[in-house]
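Reader: I should be grateful for a close look at a single part of this model. Please take one buried position and describe its surroundings in a connected account.

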Amino acid sequence: MRILFLGAFVALGSLLGGCASIVNGTSQSIAISSPPVSGAQCDLSSAQGRWTVITPGVATVARSKDDIRVECHAPGYETAVAVIPSSFEAWTAGNLVFGGVIGLGVDAATGAINEYPNSFQIPMVPKGQAPALSPGRSGPPVS
């Protein structure tokens with residue numbers, strides 16, 4: 001009876017484990033930089049938690065479908081705000097073949113089917129200096 005119970009427990013555990021959860025894990029490291037500044041404090045936040053990194057540095061964040069908001073501060077520079085986008089890893093759809101719906105569900109619930117870029121830059125602008133123009137703009141509107 002014990003062997004039967006142990007065998008069932010092992011089989012259930014293998015069915016509940018998602019492939020992306022095993023391959024990628026539920027967290028990811030993102031290298032954060034803030035050109036031209038070194039030493040900026042960047043606060044990252046999402047529904048999954050909050051993290052702080054001093055640039056250049058690496059933040060280990062929880063994987064999620066949610067984007068991550070970043071706010072960086074450095075003396076003499078304007079506060080910089082950006083969003084690190086989350087994207088779906090298409091290869092994890094292979095879970096339907098190997099892990100079935102349960103494996104895909106585990107990966108979706110843990111965020112393992114999502115990923116962030118491996119590195120992200122948040123440009124900093126000195127106080128009192130106009131930010132660089134975005135592509136496609138030639139200058140301020142003319143009255």
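Author: A residue counts as buried when its relative accessible area is under 20%. The model discussed here is predicted. T55 has a relative accessible area of 3%, and it is therefore buried by that cut-off.

T55 lies in the loop between strand 3 and strand 4, the latter spanning 57-62. Leaving aside residues up to four places away in sequence, T55 touches I32, S33, S34, V37, S38, G39, A40 and C42. With one of these, S34, the side chain of T55 makes a polar contact of 2.6 Å.

Another of the residues touched by T55 is C42, which leads to the disulfide. In general, a disulfide is a covalent bond between the sulfur atoms of two cysteines. The structure holds one such link. The partners are C42 and C72, with their sulfur atoms 2.0 Å apart. The link is right-handed, with 110° about the S-S bond. Distant parts of the chain are joined in this way: C42 belongs to strand 2 and C72 to strand 5 (residues 68-73), and 30 residues separate the two. Both C42 and C72 are buried, as is T55.

The strands that carry these cysteines belong to an open sheet of four strands, in the order 3-2-5-6 and with antiparallel pairing. Strand 3 (49-54) and strand 6 (80-84) form the edges; each has a single partner strand, so one side of each is left without a neighbour in the sheet. From one strand to the next, the twist averages 20°. Strand 2, residues 41-46, pairs with strand 3 in the antiparallel sense over six bridges. Within that pairing, C42 has V53 of strand 3 as its bridge partner. C42 is thus described by three relations: a contact with T55, a disulfide with C72 and a bridge with V53.

The wider chain provides the setting for this part. The protein chain contains four helices and nine strands, which run α-α-β-β-β-β-β-β-β-α-α-β-β from the N terminus on. Of its 143 residues, 30% are buried. Among contacts between residues at least 6 apart in sequence, 67% join residues at least 24 apart. The accessible surface of the protein chain comes to about 8,900 Å², and carbon and sulfur atoms account for 64% of that surface.

Terms used
Residues are numbered from 1 along each chain as its sequence is written. This is a predicted model: local features need pLDDT of at least 70, side-chain atom pairs count only at pLDDT 80 or more; totals for chains, interfaces and linings use all residues. Side-chain values use heavy atoms; hydrogens and water are left out. Two strands pair if DSSP finds at least two bridges between them. Axes are lines fitted to C-alpha atoms, for helices over the stretch in contact, and angles run from 0 to 180 degrees between N-to-C directions. A disulfide is a pair of cysteine sulfur atoms within 2.5 Å. Buried means under 20% relative accessible area, exposed over 50%, partly exposed in between (1.4 Å probe, protein chains only). A polar contact is a pair of N or O atoms within 3.5 Å; within protein, one must be able to donate a hydrogen and the other to accept it, and residues adjacent in sequence count only if both atoms are side-chain atoms. Contact means heavy atoms within 4.5 Å. Accessible areas come from the Shrake-Rupley method with a 1.4 Å probe; for residues, only the protein chains shown count as cover.
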